[in-house]
Amino acid sequence: MTDYFIGLMSGTSMDGVDAALIEVHDAGIKTIATLGYPMPAELRKQLLNITHPGENEITRMGQLDNEMGILFANATLALLAKANFAASDIIAIGSHGQTIRHIPDAPFHFTMQIGNPNVIAEMTNITTIADFRRRDMAIGGQGAPLTPTFHNHVFRTVERNRIILNIGGIANISILPANIDLPVTGFDTGPGNCLLDSHMQLHFKDKTFDNDGEWASSGKINSTLLSSLLSESYLELPPPKSTGRELFNLPWLEKHLQKTNVGIAAVDVQATLLEYTAQTISQAIATQNINGGEIVVCGGGCHNKALIQRLKELNPHHQLTTTIIYNIDPDFVEAIAFAWMAHATMNKIPCNLPTVTGASKAVILGGVYYVK
Ligand SMILES: Nc1ncnc2c1ncn2[C@@H]1O[C@H](COP(=O)(O)OP(=O)(O)O)[C@@H](O)[C@H]1O
Ligand SMILES: [Mg+2]
């Protein structure tokens with residue numbers, strides 16, 4: 001039997017909606033079509049503003065929830081048109097939503113993704129599943145990362161150890177041991193593109209990211225700043241752990257810059273942030289004692305040539321590739337994962353990995369907004 005599902009994702013980078021239409025059948029999955037739907041600059045600004053505490057948050061969040069719902073629905077309609085599919089061909093949409101707050105460790109821990117699923121269901125006429133993370137959190141989990149379940153399903157092999165490295169705004173790894181008796185583990189390593197993007201935007205108003213890491217490559221690493229950044233206690237925490245913009249943001253960088261107490265040129269700060277990103281990812285991998293095997297990269301950071309080059313140098317015992325060699329577009333792995341999770345939820349299959357999130361058990365994720 002062949003069923004079709006759509007996955008929708010907008011990550012911490014807020015660079016746009018990734019939409020994927022997949023086919024799920026007994027032997028596995030196949031990507032039918034993908035589409036990157038642009039994030040309007042004004043909406044992005046408002047989303048960035050609401051990621052930290054501010055005035056009138058509830059009203060602003062309510063409005064943004066609907067605006068994001070419309071954006072996700074429009075991305076879906078554009079994807080259907082591109083693929084020449086009708087709404088009635090699709091069993092369900094898995095919509096991750098837009099994270100605006102992720103606080104997994106405070107006494108009243110919570111995570112919040114917006115993008116009103118009622119709007120998505122009504123505008124597309126497709127059953128929509130959303131709110132994937134909070135059920136895991138309700139049973140003691142971090143609610144993140146969730147994609148290791150999908151990585152385990154499509155990328156695991158008995159032939160070699162594989163590490164899936166997703167470099168989104170935040171970077172996360174999934175460890176897929178070749179020995180199937182060993183559990184899958186995974187966690188957020190720290191910043192992916194978020195610090196590089198934020199610092200770029202601070203200095204170049206018309207740019208959202210450092211193309212190919214060129215600006216970073218033209219600077220010099222400042223070792224005082226680098227060691228200050230490396231002293232961040234999140235890096236030492238044992239998994240399960242997850243993080244977000246609440247920690248790795250410009251005020252956090254500013255605090256470290258003030259601590260170093262020396263004037264550092266902006267370009268050298270960017271070079272240091274790139275090195276920091278590469279080192280934190282590589283150190284997290286090193287703690288896993290995986291001898292050899294592959295590091296398979298996905299997420300927008302795989303296009304940052306300078307970052308990939310450093311990751312290769314810092315992980316000489318691993319072969320570094322991208323998911324493209326396994327026929328999955330690295331820019332759409334997360335969207336495809338949420339399409340696959342929609343399939344799991346519709347079939348009442350639990351989809352979180354307690355060994356990753358720390359939840360007390362595996363549970364069915366998400367709320368379903370039916371259209372029929
Ligand atoms: N050519 C490139 N050079 C450097 N960075 C890039 C390039 N293309 C994409 N990126 C980075 O990828 C990010 C988007 O990655 P993505 O996986 O969509 O993250 P998220 O899941 O957080 O939205 C951009 O914000 C940018 O930092
Ligand atoms: Mg993105």
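**Exercise 1.** In this predicted model, where is the place of Gln142, and is the residue buried or exposed?

*Solution.* Start with the chain path: Gln142 sits in the loop that links helix H4 (134-138) to helix H5 (147-155). Next, count neighbours: 26 other C-beta atoms lie within 10 Å of Gln142. The cut-off for buried is 20 or more, so Gln142 counts as buried.

**Exercise 2.** List what Gln142 touches, skipping residues up to four places away in sequence, then work out how far Gln142 is from Ser88.

*Solution.* The contacts are Pro104, Pro240, Lys241, Ser242, Thr357 and Gly358. For Ser88, take both separations: 54 residues in sequence, and 35 Å in space from C-alpha to C-alpha.

**Exercise 3.** Find which residues of the largest nonpolar core touch the most other members, and say where the core lies.

*Solution.* Out of 93 core residues, the ones to pick are Ile6, Leu8, Leu165, Ile336, Ala339, Trp340 and Met341. Helix H12 (residues 333-346) supplies the largest share, 10 residues. Now check the domains: domain 1 (3-143 + 332-369) and domain 2 (147-326) both contribute, so the core lies between them. Zoom in on Met341: leaving out residues up to four places away in sequence, Met341 touches Gly94, Phe132, Phe150, Cys351 and Leu365.

**Exercise 4.** Describe the shell around ligand 1 by class and by domain.

*Solution.* Begin with who's there: 19 residues surround ligand 1, with Gly11, Ser13, Gly168, Asn193 and Gly300 coming nearest. Sort the shell by class and you get 13 polar, 5 charged and 1 nonpolar. Finally, split by domain: domain 1 (3-143 + 332-369) and domain 2 (147-326) each give at least three residues to the shell.

How values were computed:
Residues are numbered from 1 along each chain as its sequence is written. Chains are lettered from A and ligands numbered from 1 in the order in which they are written. This is a predicted model: local features need pLDDT of at least 70, side-chain atom pairs count only at pLDDT 80 or more; totals for chains, interfaces and linings use all residues. A residue is near a molecule or strand if its C-beta atom, placed from the backbone, lies within 6 Å of it. Ala, Val, Leu, Ile, Met, Phe, Trp, Tyr, Cys and Pro count as nonpolar, Asp, Glu, Lys and Arg as charged, and the others, Gly among them, as polar. Domain bounds come from an automatic or database domain assignment. A nonpolar core is a set of buried Ala, Val, Leu, Ile, Met, Phe, Trp, Tyr and Cys residues joined through C-beta atoms within 7 Å. A residue is buried if 20 or more other C-beta atoms lie within 10 Å of its own, exposed if 12 or fewer, and partly exposed in between; C-beta atoms are placed from the backbone. Helices (H or I, at least four residues) and strands (E, at least two) are DSSP runs, numbered from the N terminus. Two residues are in contact if their C-beta atoms, placed from the backbone, lie within 7 Å.
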